[in-house]
Amino acid sequence: MRSLYLPLALVIGGNILYHVSQRSVPKTANPLATMMAAYAVGILICAAGGLFYPSEKSFISSLRESNWTAVVIGVGVAAVEIGFLLTYRAGWRIGVAPVVASVAVALLLIPVGVALFGEHLSYRNLIGVALCIAGLILLARE
């Protein structure tokens, strides 16, 4: 049970730190310089964590197994980071922007999951989709 919720707790805690710090970046700071500094810290944390994370293969061997996905993940992460920073600078509220973005992403990923990964939607899932759409409409009508 612990291994099921610990990664999710890391995602939730990391997201809270992420959005509070993104919202707090000075408006005069260059967004790309800020992201470069953030990535430098992230690389250091990953390097330190790599010393303790159990793996059957060496770090170099794992790097050799990397494929196009590592590059695309990097592009996606950079787009998310810069996008949120600019979203907050444009005036979006910290309690609204992440919700709108997350729900929109989830809705757009549904057909991807069905088409590419063979995932299925239950009636309960479809009701959840309808509620997400209703929530987006309510958030947009502030």
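Helices here are DSSP runs of H or I at least four residues long, numbered from the N terminus. Keep that in mind, since the helix labels do most of the work below. One more thing before we start: this is a predicted model.

Let's begin with the smaller of the two pockets discussed here, the second largest one. Both α2 and α3 put at least two residues each into the lining of this second largest pocket, and α2 gives the most, with three residues. If you want to find the pocket on screen, pick out C46, A47, G50, L51, Y53, P54, S55, K57, S58, F59 and S62, which line it. By type, that lining splits into six nonpolar residues, four polar and one charged. The space inside comes to about 290 Å³.

Now move over to the largest pocket, which holds about 1400 Å³ of space. Its lining runs to 39 residues, and the ones closest to the pocket's centre are G14, Y18, Y39, V77 and E81, so they make a handy set to select when you centre your view.

Which helices each supply at least two residues of the lining of the largest pocket? They are α1 (2-24), α2 (31-50), α3 (59-65), α4 (68-89) and α5 (97-117). The largest share belongs to α4, with ten residues. As for chemistry, the lining of the largest pocket divides into 25 nonpolar residues, 13 polar ones and one charged.

Put the two pockets together and you'll see α2 and α3 turn up again: each gives at least two residues to the lining of the second largest pocket, and each does so for the largest pocket as well.

Conventions. Residues numbered from 1 in each chain as written. Predicted model: local features only at pLDDT ≥ 70, side-chain atom pairs only at ≥ 80, totals over all residues. Heavy atoms only, no water. 1 Å grid on protein atoms, 1.4 Å probe; cavity = no way out; pocket = protein on both sides within 12 Å on 5 of 7 lines; lining within 4 Å. Points joined across faces, edges and corners; volume = space filled by probe spheres on them. Nonpolar A, V, L, I, M, F, W, Y, C, P; charged D, E, K, R; others polar.
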